[in-house]
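Got your viewer open? Here is a short tour, stop by stop, with something to select at each one.

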Amino acid sequence: MIFVLYIFCFIGCSVKKVAIDLIGSALSKEKGSSVFSSDDDPKLIGDALPFAIKLYESLAANSPKNPQLLLATGKAICMYTYAYIQLPAEQLSYSNLEEKEKSLKRAKRLYLRARDYIIRAISLKHSDFVYYIKKNDINSALRKTSPKDTSYLYWLAISWMAAFTCDKSDIELMVDIPKSVAFVHKVLEFNPKYNYGSAHEFFISYYGSMPEAMGGNENKAREHFAKAIECSQGKKASPYIALATSVCVKNQNYNEFKSLLQTALNINPDIDPENRLLNIISQQKAKWLLDHAEDMFISQERDTLP
Amino acid sequence: MNYKNFIITLLFFSLLLSFPSKAIVIKLGSLAPQGSPWDKGLQKLAYEWEKISQGEVILKVYSGGVAGDEADMIRKMRINQLNAAGMTGVGLSRIFPEIITIQLPLFVQSNEELNYVLSKMKPTFDKELEKRGFKVIIWSFVGWVHFFSKKPVIMPEDLKAQKFFIWGGDPDAVMLWKESGFHVVPLTPSDIMPSLQSGMIEAFSATPLSAASYQWFGIAKNMCGMKWAPLIGGIVVNTSIWNKLDPTLATKLEAVAQQIGEEMQKEILKADEEALNIMKKYGLSVTNVPLSAKEAWIKLVNSNLETKYLKNINKDLFEEVKRHLNEYRKLNK
């Protein structure tokens with residue numbers, strides 16, 4: 001009798017696990033996330049994503065050895081945090097300093113949560129990855145990775161770096177920047193056109209905004225900008241914004257800043273359904289940047305700037 | 001008052017009410033990266049100033065070096081393109097060279113000594129800077145400069161054996177290091193990382209926070225435990241805009257700036273300590289400098305610092321700095 005009960009229980013548990021894995025795999029496939037990324041209503045997605053994240057997390061808790069599901073969970077957290085927490089927080093003025101700090105702290109926590117999901121996912125594929133990362137031996141950590149790990153490395157870099165952008169006083173995260181840079185270099189090595197040039201976009205901001213003493217390099221930023229535009233065929237607004245907010249602000253070149261943002265605003269979001277939501281959110285950011293240019297450019301005579 | 005006059009008077013007053021007095025906009029440049037502890041302090045200052053002045057004073061902060069380096073910011077302030085700047089003691093000594101005396105190597109040797117001497121010298125420095133068109137609203141301590149090197153440094157000979165980065169913008173300092181027997185390589189800070197990688201330099205001096213932030217410690221894995229020199233900093237406002245403020249309001253703005261400056265200093269010192277701990281975790285080795293070695297360094301510094309490096313400095317003022325330092329040491333024996 002006990003044996004029969006045990007068999008039933010075992011079968012029941014297995015069925016549940018198979019079902020969770022199936023749902024998890026369906027959700028974690030690219031097409032699963034395109035339901036969100038192709039939407040044209042940022043508000044609707046903003047309301048839906050927290051529920052989706054919790055669904056991913058509960059599936060991941062029941063299926064902790066599914067790397068695709070762990071990656072999808074990390075990705076969903078990252079996307080939500082950027083569009084709905086970090087971006088609005090960064091647009092708050094200093095008169096809302098307390099609220100701004102609170103939101104950025106929350107964004108940092110969520111990015112780190114996303115990072116930890118993705119680290120878990122990579123560890124399932126490469127058991128010694130974490131060991132080498134903790135030893136700060138990035139080359140050894142990356143040695144066994146293959147093109148199949150491209151998305152994992154990209155999202156790991158994004159979540160880690162984004163956590164730092166929310167709290168630039170966190171020295172530990174600052175010291176970890178070279179790890180993210182190495183991961184994205186690996187992404188470029190595996191697939192230079194990954195996600196319509198997303199890895200190039202990372203380097204526009206990195207080389208364009210870092211001080212020279214930390215590896216900043218305007219020429220490299222512009223080279224990656226050209227490649228990002230080529231990969232996306234000019235259908236994504238985000239590379240234009242990345243160059244405008246990094247190199248143009250640093251050079252105090254308002255004319256180029258304005259021209260890049262206007263190009264971003266002229267992109268028809270419907271031209272690339274897969275990136276529709278990202279383009280709409282990017283265009284909202286472009287508009288905000290143009291409206292707040294005087295906070296970034298010292299000269300009042302913007303149009304006469306070289 | 002008839003009805004017509006009443007309407008005109010009402011219109012006149014409503015027009016007056018709809019045109020508030022024009023706000024004074026103070027544009028402040030800073031090298032501190034956006035979101036760093038310094039930048040957060042400046043944002044807080046902007047918020048407090050706007051609140052205290054009820055919108056009459058708007059502080060616009062341009063962080064991350066978009067206003068140029070310290071020399072650029074001073075030039076821009078002189079032509080009113082910029083009205084204020086956050087600067088290190090090196091930048092401030094471009095305006096009033098005697099400020100360098102407080103940051104001399106192995107001279108002031110502890111936070112307490114620095115606080116004492118700076119508090120005594122502040123009135124003189126403030127007055128001299130004001131004469132040159134700059135009002136100091138915050139004085140702060142940025143951190144202690146140490147040597148970082150590929151091979152450990154204890155004695156002066158250990159540093160002499162390595163190619164040492166020195167900022168090329170100070171020819172007198174370059175000359176002094178060379179004459180003292182060091183193999184110096186004059187460069188800009190942006191060259192430090194590639195030069196460490198290529199082997200063009202093997203050592204540099206910086207605060208722990210800078211060495212960690214710029215990742216230089218990853219290549220130069222040894223830090224000399226001896227505090228080489230203190231780095232001070234401050235925020236200055238162009239007097240042509242500061243003097244336009246109502247004196248009562250200006251006093252209030254200065255008081256809150258000083259309060260925020262103290263908070264910023266605590267944050268920065270905390271960050272410096274945290275940076276050191278993290279670097280140690282990542283393999284930085286800190287060498288202990290025994291008293292005999294420190295004496296060798298002091299002897300080296302004293303041998304030609306005053307006669308050569310400080311030849312253009314006001315001797316009386318330097319003597320005053322020395323007097324305050326000795327006074328502190330006597331009081332705290």
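## A walk through the model

Begin in chain A with A:Asn136, in the loop between helix H6 (129–134) and helix H7 (138–143). Keep in mind throughout that this is a predicted model. Check the backbone here: phi of A:Asn136 is near 65 degrees, a positive value in a residue other than glycine. Most residues other than glycine have a negative phi. Is A:Asn136 buried, partly exposed or exposed? Its relative accessibility is 32%, so A:Asn136 counts as partly exposed.

Now jump to chain B and select B:Gln215, which sits in the loop between helix H9 (208–213) and strand E8 (222–224). The phi of B:Gln215 is near 65 degrees, again a positive value in a residue other than glycine. With a relative accessible area of 14%, B:Gln215 is buried, because the cut-off for buried is under 20%.

Next, stay with chain B and show all of it as a cartoon. You should find 13 helices and 10 strands. Along its principal axes, the C-alpha trace of chain B spans about 95 × 40 × 35 Å. Of the 333 residues in chain B, buried ones make up 52%. If you draw a contact map, take the contacts in chain B between residues at least 6 apart in sequence: 75% of them join residues at least 24 apart.

Switch to a surface view. Chain B exposes about 15900 Å², and carbon and sulfur atoms supply 56% of that area. Colour by charge, and chain B shows 40 positive and 34 negative side chains, with the centres of the two sets 2 Å apart.

Turn next to where the two chains meet. Here 36 residues of chain B are in contact with 29 residues of chain A. The area buried between chain B and chain A is about 2700 Å², with carbon and sulfur atoms giving 59% of it. How many salt bridges are there between chain B and chain A? The count is three. For an example, select B:Lys60 and A:Asp295, which form a salt bridge whose closest N and O atoms are 2.6 Å apart.

The last stop is A:Phe36, in helix H2 (residues 30–37) of chain A. Its relative accessible area is 22%, so A:Phe36 is partly exposed. Leaving aside residues up to four places away in sequence, A:Phe36 touches A:Ile45, A:Ala48, A:Leu49, A:Ala52 and A:Leu277. Finally, try a distance label: A:Phe36 and A:Leu55 are 19 residues apart in sequence and 14 Å apart in space, C-alpha to C-alpha.

Notes:
Residues numbered from 1 in each chain as written. Chains lettered and ligands numbered in written order. Predicted model: local features only at pLDDT ≥ 70, side-chain atom pairs only at ≥ 80, totals over all residues. Heavy atoms only, no water. Helix = DSSP H or I, 4+ residues; strand = E, 2+ residues; numbered from the N terminus. Buried < 20%, exposed > 50% of the residue type's maximum accessible area, 1.4 Å probe, protein only. Contact = heavy atoms within 4.5 Å. Areas by Shrake-Rupley, 256 points an atom, 1.4 Å probe, with all protein chains shown as cover. Lys, Arg positive; Asp, Glu negative; His and termini not counted. Charge placed at Lys NZ, Arg CZ, Asp CG, Glu CD. Buried area = accessible area lost by both parts, 1.4 Å probe. Salt bridge = Lys/Arg side-chain N within 4 Å of Asp/Glu carboxyl O.
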